[in-house]
Amino acid sequence: MSLKSGVKSAIAVAWDAGSRLSRPAPKLTILYYHAVPAAQAAAFDTQMAYLKRTANIVAPDHTGPLAIDRPNVAVTFDDAFRSVRENALPALARHGVPATIYVPTGNLGRQPGWRMETSGDRDEVVMTAEEIAALPSDLIAIGSHTVSHPHLTKLSDEEVGEQFGASRAALEGLLGRTIDTLAFPYGDHDARVVELARQAGYRFVYTVAPQAIAAGDTATSRGRTGADPGDAPGLFALKTRGAFDWMPMASSLKRRLRPRS
Ligand SMILES: [Zn+2]
């Protein structure tokens with residue numbers, strides 16, 4: 001573990017201890033994964049067993065009541081890699097953990113054409129249209145991850161609208177059900193991009209900054225906490241309890257303290 005992640009974990013432990021003492025209102029924590037390589041299938045299974053045992057598992061677009069006696073957690077996957085179908089789906093089914101997969105519709109059946117978000121995903125392949133259509137709809141929900149996985153803040157309004165509209169149309173054509181949630185590639189977004197997503201008919205859009213989501217919160221943008229099958233049990237437990245929710249506050253403070261050049 002690097003020094004930086006060591007410091008983050010230490011703050012998370014303190015944050016977690018403080019939260020338990022002060023008994024704050026119930027919050028929803030949305031976890032996001034990318035690939036689940038075969039070598040990590042067992043570790044992922046252990047994480048899902050832990051979730052089933054300890055958490056109230058809901059969908060990432062859940063707006064109803066939340067449990068007060070357990071963490072409220074949603075499980076999501078970005079990039080729709082085949083390894084998720086092969087190595088994560090069996091554990092999700094075994095433990096009855098529902099999940100949502102965000103699909104980049106321009107790369108179906110191919111290796112990612114974009115710069116990878118995590119270094120271990122180089123050999124990953126995006127599921128084919130047939131594989132996505134065959135996912136069990138009672139367990140796996142589908143959302144958009146755009147068409148070509150771009151940095152959305154770098155695109156014009158028209159280009160963003162095309163990424164949002166075409167990916168939605170492709171998935172609705174494939175699955176015959178409404179697609180109205182989307183995860184931002186690289187988490188890259190700003191107020192303009194969120195507004196364009198809303199205009200394109202998306203109810204919820206997901207970032208990659210940890211956020212404690214309150215019961216009944218209907219804001220379009222929802223934060224998520226990065227999870228990895230390789231997370232040690234203690235770290236994973238902290239993540240499910242929202243112990244990294246302080247991170248966006250810390251980075252906005254850092255931005256405010258840093259003089260503008
Ligand atoms: Zn992605």
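This briefing describes two helix contacts and one strand with its neighbours. The structure is a predicted model, and every value below was computed from that model. Helix 2 packs with helix 8, helix 6 packs with helix 7, and strand 4 pairs with strand 3 as well as with strand 5.

**Strand 4 and its partners**

- Strand 4, which covers residues 99–103, is mostly covered, since five of its five residues are counted as buried.
- Ala99, Ile101 and Val103 point one way from strand 4, while Thr100 and Tyr102 point the other way, and all of these residues are buried.
- Strand 3, made of residues 72–78, pairs with strand 4 in the parallel sense, and four bridges link the two strands.
- Within this pairing, Thr76 has Thr100 of strand 4 as its bridge partner, and Thr100 is also one of the two residues named above as pointing the other way from Ala99, Ile101 and Val103.
- Strand 5, made of residues 140–144, runs parallel to strand 4 and is joined to it by five bridges.
- Here the bridge partner of Ala99 is Ile140, which lies in strand 5.

**Helix 2 against helix 8**

- Helix 2, residues 41–54, and helix 8, residues 233–240, pack at an angle of about 45°, and their axes are 11 Å apart.
- Because of this angle, helix 2 is described as oblique to helix 8, and the crossing in which helix 2 passes helix 8 is right-handed.
- On the side of helix 2, the contact is made by Gln47, Met48, Tyr50 and Leu51, and these meet Phe236, Ala237 and Thr240 of helix 8.
- When the residues of this contact between helix 2 and helix 8 are sorted by class, five are nonpolar, two are polar and none is charged.

**Helix 6 against helix 7**

- Helix 6, residues 157–175, packs with helix 7, residues 191–199, at an angle of about 50°, with the two axes 10 Å apart.
- Because of this angle, helix 6 is likewise described as oblique to helix 7, and the two helices form a right-handed crossing.
- Helix 6 contributes Asp157, Val160 and Phe164 to the contact, whereas helix 7 contributes Arg192, Val193, Leu196 and Ala197.
- Sorted by class, the contact of helix 6 with helix 7 holds five nonpolar residues and two charged ones, with no polar residue among them.

Technical notes. Residues are numbered from 1 along each chain as its sequence is written. This is a predicted model: local features need pLDDT of at least 70, side-chain atom pairs count only at pLDDT 80 or more; totals for chains, interfaces and linings use all residues. Side-chain values use heavy atoms; hydrogens and water are left out. Axes are lines fitted to C-alpha atoms, for helices over the stretch in contact, and angles run from 0 to 180 degrees between N-to-C directions. Angles under 35 degrees count as roughly parallel, over 145 as roughly antiparallel, 65 to 115 as roughly perpendicular and the rest as oblique. A crossing is left-handed if the near helix is turned anticlockwise from the far one by less than a right angle, and right-handed if clockwise. Contact means heavy atoms within 4.5 Å. Ala, Val, Leu, Ile, Met, Phe, Trp, Tyr, Cys and Pro count as nonpolar, Asp, Glu, Lys and Arg as charged, and the others, Gly among them, as polar. Buried means under 20% relative accessible area, exposed over 50%, partly exposed in between (1.4 Å probe, protein chains only). Two strands pair if DSSP finds at least two bridges between them.
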